[in-house]
Amino acid sequence: MQFLYVAIVLLPLLVAALISFNDPKRRSTKISRAFYLAVVFIFTYVPIVVLIIFSFNSARSTGVWEGFSLKWYKELFNDSQLMSALYTTVVVAFISAIVSTVFGTFASIGIFYMRPKIKNAIMNITYLPVLNADIITGVSLVLFFNLVSIPLGYVTLLLSHICFSIPYVILSVMPKLKQMDNNLYEAALDLGSTPMTALRKVIIPEISPGIVSGFLLALTMSIDDFVISFFTAGPVLSNLSIEIYSATKRGVTPEFNAISAIMFVVVLTILIIINARKPKDEKAK
């Protein structure tokens, strides 16, 4: 029965996709593409909208609307355990994103100017943490920390997040380096700049969109991660993903709806600000 329901829901989406890519010149194609896009957005954002709406519900159940209330937001800020998990999540995410962005950016620049064979070999190694299953990465990190006698806790959680975030930064910065004119760096040196000045005033500004994208991606991956955090956080420390997982065993309260709504609004605001600044920066250039 569940399979039949999924088939009925996804069948219109599949038909629209096949029509839209079959003949791009037909008028019906535009309609099917619009329908396809609408269904995708509905599947993606309607659950989030429902979650945000019911975060203002005075009832504990999400199946019944009993009136508008900020009760669960008050409960959220009064829940010391949940706020501690949120604090750990935000601090680890920002520190790991900053460190991985710095290391990933300089690693990308170094890899870019390597010989082609060495460059390809290192890039293939860089892809491994991205393609590798999180559970394998988590177990490997736990074994490594035990081998070097580092107790599981805040340090191991932070190091593990930096470890799996760096490849995402490299993969975000590398395309911008490929788009950059290869002669800019040499031209800056010929005009009297030192290597560090050329790096700071020529290369970094050219690849800054990739650096920002890598930072945001590392930040998002850190906040979103559960499996690696579960293995490396230890028995005492808990971030938001671990706290939500633990809450599913005893029942998720509307407080998690409230914290999810806040995080969604914050991320959406950051994206709007960044996208609003892009046209201004391009106009200034």
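## Exercises on an all-helix model

Tyr45 is partly exposed, with a relative accessible area of 37%. The structure is a predicted model. Work through the tasks below with it on screen.

**Exercise 1. Place Tyr45 and find its surface partners.**

Step 1. Locate the residue. Tyr45 belongs to helix α2, which spans residues 27-54.

Step 2. Check its exposure. Buried means under 20% and exposed means over 50%. Tyr45 has 37%, so it counts as partly exposed.

Step 3. Look for a patch. Tyr45 helps to make a nonpolar surface patch of about 810 Å². Its partners there are Leu37, Phe41, Val49, Ile53, Trp65, Phe68 and Leu70.

**Exercise 2. Describe the chain as a whole. How many helices and strands does the chain have?**

Step 1. Count the elements. There are 13 helices and zero strands. Read along the sequence, the pattern is α-α-α-α-α-α-α-α-α-α-α-α-α.

Step 2. Turn to burial. The chain has 285 residues, and 33% of them count as buried.

Step 3. Turn to the surface. About 18000 Å² is exposed, with carbon and sulfur atoms supplying 69% of it.

Step 4. Ask how far apart contact partners sit in sequence. Take the contacts with a separation of 6 or more: 68% of them join residues 24 or more positions apart.

**Exercise 3. Judge the confidence. Which element has the lowest mean pLDDT, and which the highest?**

Step 1. Start with the chain. Its mean pLDDT is 81. A value of 70 or more is reached by 84% of the residues.

Step 2. Compare the elements. Helix α1, residues 2-22, has the lowest mean, at 55. Helix α7 has the highest, at 91.

**Exercise 4. Map the nonpolar cores.**

Step 1. Find the largest core. It holds 22 residues. Ile109, Val173, Met174, Leu177, Ile203 and Ile207 touch the most other members.

Step 2. Trace the helices behind this core. At least two residues each come from α4 (80-112), α7 (154-179), α8 (183-190), α9 (195-206) and α10 (208-224).

Step 3. Look for another core. A second, separate one has 11 residues, including Leu76, Leu240, Ala258 and Ala261.

Step 4. Zoom in on Val173. Beyond four places in sequence, Val173 touches Thr105, Ser108, Ile207, Gly210 and Ile211.

**Exercise 5. Is Thr88 buried or exposed?**

Step 1. Locate the residue. Thr88 sits in helix α4.

Step 2. Apply the cut-off. Thr88 has a relative accessible area of 6%. Buried means under 20%, so Thr88 is buried.

Step 3. List its contacts. Leaving out residues up to four places away in sequence, Thr88 touches Tyr154, Leu157, Leu237, Ser238 and Asn239.

**Exercise 6. Follow the link between Ser172 and Leu217.**

Step 1. Place both residues. Ser172 is in helix α7, and Leu217 is in helix α10.

Step 2. Classify both. Ser172 has 18% relative accessibility and counts as buried. Leu217 has 32% and counts as partly exposed. The two labels follow because the cut-off for buried is under 20%.

Step 3. Read the contacts from each side, skipping sequence neighbours within four places. Ser172 touches Gly210, Ser213, Gly214 and Leu217. Leu217 is in contact with Tyr168 and Ser172.

Step 4. Add a distance. Leu217 and Val169 are 48 residues apart along the chain. Their C-alpha atoms are separated by 7.4 Å.

Conventions:
Residues numbered from 1 in each chain as written. Predicted model: local features only at pLDDT ≥ 70, side-chain atom pairs only at ≥ 80, totals over all residues. Heavy atoms only, no water. Core = buried A, V, L, I, M, F, W, Y, C linked by side-chain atoms within 4.5 Å. Buried < 20%, exposed > 50% of the residue type's maximum accessible area, 1.4 Å probe, protein only. Helix = DSSP H or I, 4+ residues; strand = E, 2+ residues; numbered from the N terminus. Contact = heavy atoms within 4.5 Å. Patch = residues over 30% accessible without salt bridge, like charges linked within 9 Å, V, L, I, M, F, W, Y side chains within 5 Å. Areas by Shrake-Rupley, 256 points an atom, 1.4 Å probe, with all protein chains shown as cover. Salt bridge = Lys/Arg side-chain N within 4 Å of Asp/Glu carboxyl O. pLDDT = per-residue confidence, 0-100.
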